[in-house]
Amino acid sequence: MSGIDDRIARWLETNTFHHSEFWDMQELVRAKKEAGLTISLCIPTLNEETTIGKEIIVFKSELMDRYPLIDEIAVIDSGSTDRTLEIAASYGADTYLSSEILPKHGFRPGKGENLWKAIYQLRGDIICYVDADIKNIHAKFASALVAPLIYRPEIQYVKAFYDRPLALSDDMRPSGGGRVTEILVRPLFSLFFPELTALIQPLSGEYAVRREVLEKLPFPIGYGVETSHLIDLYQLSGLDAFAQTDLDSRVHRNQSTADLGKMSFGILQSFLDRLKTYGMAKDLPELHGLFRQFQAEGRRYEQVTREIFEEERPPMITLPEYRERHGR
Amino acid sequence: MGKRTITAKPREAVLAHRDKLKNLREILFANVVMAGEIPAPTGFERRITRFLSDRFTECGLDNISLDQAGNVAGVLSGKTGGRNLLVAAHVDKIWAETADHTVSVGVGRMSGRGLADNSLGAAVLATLPLILAELEIELDSNLILLGTTRSFGRGNLRGMRFFLENSESEIHSALCLEGIDLGRLSFSSLGMARGEITVEQSSPLDEGSEGGNPSGVVAVLSELVSAMLQINQRESPATRILIGSIEAGSGYSVPPRSGLVRFEIRSLDAGRVARIEREIVALVESFSGRAGISSRIEMIAHRQPGDLGSKHPLVREARETLEALGIESRVEPSVSELASLLEKRIPSLTLGVTRGENRHSPQESIYLDPIFDGLAQLVSVLQFMDTGDFSF
């Protein structure tokens with residue numbers, strides 16, 4: 001194991017950043033121009049009217065008007081019934097309904113679907129994904145993720161991680177992921193892909209990726225999209241293709257334990273599918289998509305079932321429409 | 001008074017400014033969000049002054065500095081620099097550091113603690129160099145942008161007072177920015193005395209008898225406030241005693257051992273303020289004689305009344321600009337930073353930037369579209385100030 005420990009330690013040293021390292025925005029914009037890169041910011045949404053306006057205003061002001069780092073800001077929506085799209089458009093974002101992108105290929109409800117369709121719709125050489133539910137939004141949520149890709153051509157995929165305000169003591173920071181990360185994903189990575197445990201928050205919804213990587217990845221449309229990305233790229237290029245940036249803190253709405261259960265079920269489906277794909281688990285039964293939870297009312301116990309099926313979209317590069325639009 | 005003949009404000013020019021400033025919409029709104037999400041209780045404004053200082057640096061202002069009172073200042077040097085104009089906004093908020101300062105942005109409005117008082121004012125200050133650049137306006141005068149600290153409560157305008165007492169530059173005229181309300185025209189300041197009355201139970205309580213005990217803290221607070229309201233009724237409407245808060249106890253059944261009343265006396269007549277203050281001091285002393293009760297009063301802030309006069313060219317300019325924008329002006333005497341400026345006989349106004357609602361509540365809101373009217377008014381008055389064609 002010491003070889004893995006050493007590789008993780010080296011990677012943490014060379015590929016883990018703090019956002020303050022990229023404070024010089026003028027220099028970042030200069031380096032981006034010199035590298036001849038274009039950058040798209042994609043915010044996947046579903047009923048995010050309370051936070052979307054602020055995100056657009058801050059990103060547009062700081063990363064387009066003041067410092068021309070981002071070339072386009074796009075909201076890709078799964079069919080919000082609130083004013084998400086109206087608000088986003090009113091503050092200058094390009095807004096798209098996921099169902100209207102690549103209509104021939106149909107529409108699947110799920111965040112992964114929006115992320116996948118963004119690769120077709122957006123123009124950038126780098127796509128930076130940022131979730132729409134961040135309350136303490138700041139320009140660094142995008143700039144500090146694209147910066148390692150601008151300065152280090154060998155890095156392909158940059159994840160965000162954050163402080164979590166739990167039991168701070170002396171100079172030690174908690175450096176933990178969320179509940180699903182710590183209870184499900186990190187144990188699984190420890191068993192099967194130990195080097196990936198170096199990613200402090202593998203499920204973070206904020207990450208920036210080069211187009212040539214994104215277009216080659218299959219996309220689970222639901223909860224498993226981030227986990228499968230990490231495994232696929234790791235298998236393809238190893239740990240050195242990744243980097244991560246510390247963004248200090250992220251305030252967002254909390255999810256219930258029942259919702260985290262659904263998320264874990266979807267992630268586990270994708271994970272087991274990857275084990276099969278890479279020949280790491282033999283004789284797994286055919287997986288069904290029925291997730292069972294229970295609720296109690298007095299002494300009555302009721303079964304609540306939900307179909308969660310992690311359907312996958314193929315790598316975008318396999319679509320003729322994509323190759324034509326982007327000249328690939 | 002100046003001798004310049006005031007002509008009607010060219011409506012087209014003001015409207016053109018307003019429309020052009022919409023190009024800065026995202027930059028201004030982002031500044032409001034960022035200023036709004038920084039907690040800045042009175043006396044703890046370091047983070048928000050750092051934010052302004054960073055913005056001033058990005059705009060290339062000269063002489064960016066933090067002074068001993070914590071104020072942040074930057075100078076946009078004028079073409080000739082013969083005069084110094086001041087635009088100020090207080091940066092402290094009434095909310096505690098731990099309160100949720102999240103700003104939410106909807107269609108046409110933003111909501112969040114302290115947005116109207118005074119994150120919007122601070123954000124306009126941060127954006128003002130870009131506003132002038134967008135309109136290709138170069139002032140002859142030096143423009144000093146000042147974010148002042150310690151405005152509220154016990155802060156007693158300490159930031160502005162310190163600046164005026166220690167500034168090496170003579171200030172020829174000044175504007176104070178408040179987030180709301182667009183259309184307010186504040187060119188006079190009220191005389192004001194602000195105080196706190198503390199009532200304490202100095203002997204052990206007789207358990208169970210508090211409800212009917214005429215000398216209990218609650219009874220004394222009640223009598224005290226009634227007496228103050230009677231004084232208020234006796235005075236003319238131009239003189240007011242405002243009871244801002246009454247605090248005592250923490251539950252349902254345990255009698256409080258102490259209580260606090262915060263109040264202000266406001267009047268255009270400084271003599272009346274002083275006389276009422278003496279009356280209230282005597283009233284408080286009279287309660288101290290009661291068995292088992294001690295009471296004391298602490299006066300924490302005073303303002304002298306001041307008045308630029310409704311016919312002053314600066315006032316007329318602001319009024320005419322509002323007329324050109326189709327906004328009705330409303331005279332509103334001030335007790336904030338303007339008082340310190342008028343006390344120093346500096347021709348000054350306080351302007352509101354936009355309209356809003358729920359001031360000083362967690363749902364404080366500002367409307368976004370009228371902000372551009374407010375900015376057009378600010379620029380127009382600033383250009384007039386730059387002519388220097390008036391005195392106090």
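Let's start where the two chains meet: 20 residues of chain A are in contact (heavy atoms within 4.5 Å) with 22 residues of chain B. This is a predicted model, in which local features need pLDDT of at least 70, side-chain atom pairs count only at pLDDT 80 or more, and totals for chains, interfaces and linings use all residues. Residues are numbered from 1 along each chain as its sequence is written, chains are lettered from A and ligands numbered from 1 in the order in which they are written, and side-chain values use heavy atoms, with hydrogens and water left out.

**Between the chains**

Chain A and chain B bury about 1,700 Å² between them, with 56% of that on carbon and sulfur atoms; buried area is the accessible area (1.4 Å probe) that two parts lose on being put together, summed over both. On the chain A side, K54(A), R66(A) and Y91(A) lose the most area to chain B, together 37% of what that side buries.

The polar links of this interface include 5 salt bridges, each being a side-chain nitrogen of Lys or Arg within 4 Å of a carboxyl oxygen of Asp or Glu. There are also 6 residue pairs in polar contact, both residues at pLDDT 80 or more. A polar contact is a pair of N or O atoms within 3.5 Å; within protein, one must be able to donate a hydrogen and the other to accept it, and residues adjacent in sequence count only if both atoms are side-chain atoms.

**Inside chain B**

Chain B has its own internal boundary, between domain 1 (11-189 + 305-387) and domain 2 (191-303), with bounds from an automatic or database domain assignment. The centres of the two domains, taken over C-alpha atoms, are 35 Å apart. Here 11 residues of domain 1 of chain B are in contact with 13 residues of domain 2 of chain B, and the two domains bury about 980 Å² between them, 50% of it on carbon and sulfur atoms. R154(B), P305(B) and V335(B) supply 59% of the area that domain 1 of chain B buries against domain 2 of chain B, more than any other three residues.

R154(B) also takes part in a salt bridge with E196(B), and the count between these domains is 2 salt bridges. Across the same domain interface, 6 residue pairs are in polar contact, both at pLDDT 80 or more.

Here is one salt bridge from each interface:

| Interface | Salt bridge | Closest N to O distance |
|---|---|---|
| Chain A and chain B | K60(A) and E26(B) | 3.6 Å |
| Domain 1 and domain 2 of chain B | R154(B) and E196(B) | 2.8 Å |
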